[in-house]
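I sat down with this one to see how its pieces pack. Notes are in the order I looked things up.

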Amino acid sequence: MGENLNPTGGLWCILLDEFNDHIWSVRINPNSRLRELMIELTTHCNYDCIYCFRRRMTGEEKGFLDYKLYQRIIDEGLEIGLEKISLSGWGEPLLHPNIIDIVRYAKERGVKVLLNTNGYFLGKYIDELYSLGVDEIVVSIDSPYPDVYRTIRIGGDLPRLINALLKLKEYRIRDVSPVPQLYLQFTINKYNYKNLAPMIKLAKELGASKITVSNIIPITKDFEEKISCYMDKECIKNVEKLRMELARISLDTGVEVSLPNFSNSYSERTCPFAQRNALYIRWDGKVAPCIYYAHHWRNVLFGVEREIYPVILGDLNRESLKDIWYRNKLVFRFKTYYMDYPSCLDCPLRDYCTITLDNRMDCWGNTPSCASCPYSRDMVRCPL
């Protein structure tokens with residue numbers, strides 16, 4: 001498989017319908033189906049969270065997904081098996097001027113809708129979102145305490161968010177409605193790890209059924225040293241002590257708590273997007289394999305700073321979603337499904353290896369490579 005840099009700095013691969021090595025001949029099953037899409041409605045956001053990817057985004061414009069292109073995405077997706085969309089990504093979806101029309105268009109065509117939001121504008125839209133039957137709402141709340149919440153989520157307003165979610169809870173109780181299911185996303189760090197148990201109480205009050213805990217992806221070495229939980233032995237020790245207490249409180253409240261992996265090693269690496277037959281649609285119509293490889297940015301993991309180039313599977317401004325699903329980057333998608341990559345994060349040479357300083361290639365010759373992906377190790381979670 002060949003690769004080169006496209007004009008936007010992303011990685012392209014030669015299009016192949018089939019590839020062969022010395023033993024295997026592999027082609028995509030023509031009956032395979034695209035099941036999910038994560039659709040990035042915008043890269044604008046009204047928050048400035050301390051760990052946000054957008055702080056290290058390099059040389060890219062911000063914008064909003066064209067509504068007509070969105071309609072085409074839904075229509076073409078349905079032709080190849082689309083069942084669910086996640087309105088998520090590198091910006092706040094409720095900032096899109098057509099957000100209600102976007103949800104309505106999907107729901108009228110039988111597509112399940114997950115909305116991943118910081119929640120600031122939920123109060124403005126909650127009546128319409130509820131009446132349209134949004135299936136899932138994932139809200140990022142990193143502390144039940146307003147002062148800690150504001151420290152992490154700069155620009156946030158926790159009381160405003162809570163009021164909107166309590167209103168949603170009232171609607172569901174009034175109508176005995178199973179939807180939308182409410183889930184909370186908790187990004188753990190040294191500021192808030194002691195807030196985990198109180199978060200369960202808040203989740204219960206809000207009517208949430210699950211708290212998904214995720215590690216941060218640090219954007220600088222200094223940031224990783226000062227705030228990441230997975231690099232701090234005391235933080236990890238305290239979370240492990242909390243594990244049984246969290247399980248007990250979960251049983252008492254009915255709120256599930258899902259903790260991440262805190263180690264750079266993991267016995268089974270899997271790609272959430274590949275395993276769920278999902279793709280990522282950027283606001284500009286370009287298609288990426290996942291949220292991690294959607295844009296050009298830099299991050300730090302276990303002391304190694306890496307440049308992440310966007311991996312572009314195709315461009316919906318020039319080709320159909322069907323063509324992208326069945327033709328583009330077959331080798332990359334096959335290897336990602338089976339995680340046929342070296343394991344860079346726990347490699348003893350990681351501090352000295354120059355190959356691992358970006359995602360363009362690894363020591364096995366894969367290009368691009370997912371060898372350093374924290375999502376595959378369940379360190380970080382994405383809302384699919």
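What follows are my entries on the sheet, the helices, the core and a few backbone oddities.

**Entry 1: the sheet**

First reminder to myself: this is a predicted model. I traced the sheet and got an open one of 10 strands, in the order 11-10-9-8-7-6-5-12-13-16. The pairing is mixed. Which strands sit at the edges? I found strand 11 (256-258) and strand 16 (314-315), each of which pairs on one side only.

**Entry 2: strand 5 and its partner**

I went to strand 5 (residues 36-40) next and asked how many of its residues are buried. The strand is mostly covered, with five of its five residues buried. Glu36, Met38 and Glu40 point one way, while Leu37 and Ile39 point the other way. I noted that the two glutamates, Glu36 and Glu40, are buried along with the rest. Strand 5 pairs with strand 6 in the parallel sense, over five bridges. Looking across from Glu36, I found Lys84 of strand 6 standing opposite.

**Entry 3: strands 9 and 10**

Here I checked another pair in the sheet. Strand 9 (residues 181-188) and strand 10 (residues 210-215) are parallel too, joined over six bridges. I picked Leu184 and looked up its bridge partner in strand 10, which is Ile211.

**Entry 4: helix 2**

I then moved to helix 2 and what lies around it. Helix 2 lies across strand 6 (84-88) and strand 7 (112-117), and runs at about 165° to strand 6. On the helix side, I looked at helix 2 (residues 99-108) against helix 3 (residues 122-132): their axes come within 10 Å and cross at roughly 5°. That makes the two helices, 2 and 3, roughly parallel. Which residues meet there? From helix 2 I listed Ile99, Ile100, Val103, Arg104 and Lys107, and from helix 3 Tyr125, Glu128, Leu129 and Leu132. By class, the contact of helix 2 with helix 3 has six nonpolar, three charged and no polar residues.

**Entry 5: helices 5 and 6**

I ran the same kind of check on helix 5 (residues 158-175) and helix 6 (residues 196-206). They pack at an angle of about 45°, with axes 9 Å apart. Helix 5 is therefore oblique to helix 6. In the contact, Ile162, Leu165, Leu166 and Lys169 of helix 5 meet Leu202, Lys204, Glu205 and Leu206 of helix 6. I sorted the contact of helix 5 with helix 6 by class and got five nonpolar, three charged and no polar residues.

**Entry 6: the core**

Where is the nonpolar material? In general, nonpolar side chains of soluble globular proteins tend to be buried together. The largest nonpolar core here has 123 residues, and those with the most contacts inside it are Ile39, Ile85 and Ile141. I followed up on Ile141 and asked what it touches beyond four places in sequence. Its contacts include Leu158, Leu161 and Leu165, then Leu184, Gln185 and Phe186, and also Met199, Leu202 and Leu206. Tyr149 is on the list as well.

**Entry 7: Phe223**

Phe223 caught my eye in helix 7 (residues 221-227). Buried or exposed? Phe223 is buried, at a relative accessible area of 14%. Setting aside neighbours within four places, I found Phe223 in contact with Ile50, Tyr51, Ile216, Pro218 and Ser228. I also noted Val300, which is 77 residues from Phe223 in sequence but 8.8 Å away in space, C-alpha to C-alpha.

**Entry 8: backbone oddities**

Most peptide bonds are trans, and most residues other than glycine have a negative phi. I went looking for departures. The bond from Val179 to Pro180 is cis, with omega near 0°, and Pro180 is in the loop between helix 5 and strand 9. Another cis bond joins Thr367 and Pro368, with omega about -5°. I placed Pro368 in the segment after helix 11 (330-337).

For phi, Phe302 came up with a positive value near 55°. Phe302 is in the loop between strand 14 (297-301) and strand 15 (304-308), and its relative accessible area of 8% makes it buried. Met339 also has a positive phi, about 45°, and is found in the segment after helix 11. Met339 is buried too, at 7%.

Terms used. Residues are numbered from 1 along each chain as its sequence is written. This is a predicted model: local features need pLDDT of at least 70, side-chain atom pairs count only at pLDDT 80 or more; totals for chains, interfaces and linings use all residues. Side-chain values use heavy atoms; hydrogens and water are left out. Axes are lines fitted to C-alpha atoms, for helices over the stretch in contact, and angles run from 0 to 180 degrees between N-to-C directions. Helices (H or I, at least four residues) and strands (E, at least two) are DSSP runs, numbered from the N terminus. Angles under 35 degrees count as roughly parallel, over 145 as roughly antiparallel, 65 to 115 as roughly perpendicular and the rest as oblique. Contact means heavy atoms within 4.5 Å. Ala, Val, Leu, Ile, Met, Phe, Trp, Tyr, Cys and Pro count as nonpolar, Asp, Glu, Lys and Arg as charged, and the others, Gly among them, as polar. Two strands pair if DSSP finds at least two bridges between them. A nonpolar core is a set of buried Ala, Val, Leu, Ile, Met, Phe, Trp, Tyr and Cys residues joined through side-chain atoms within 4.5 Å. Buried means under 20% relative accessible area, exposed over 50%, partly exposed in between (1.4 Å probe, protein chains only).
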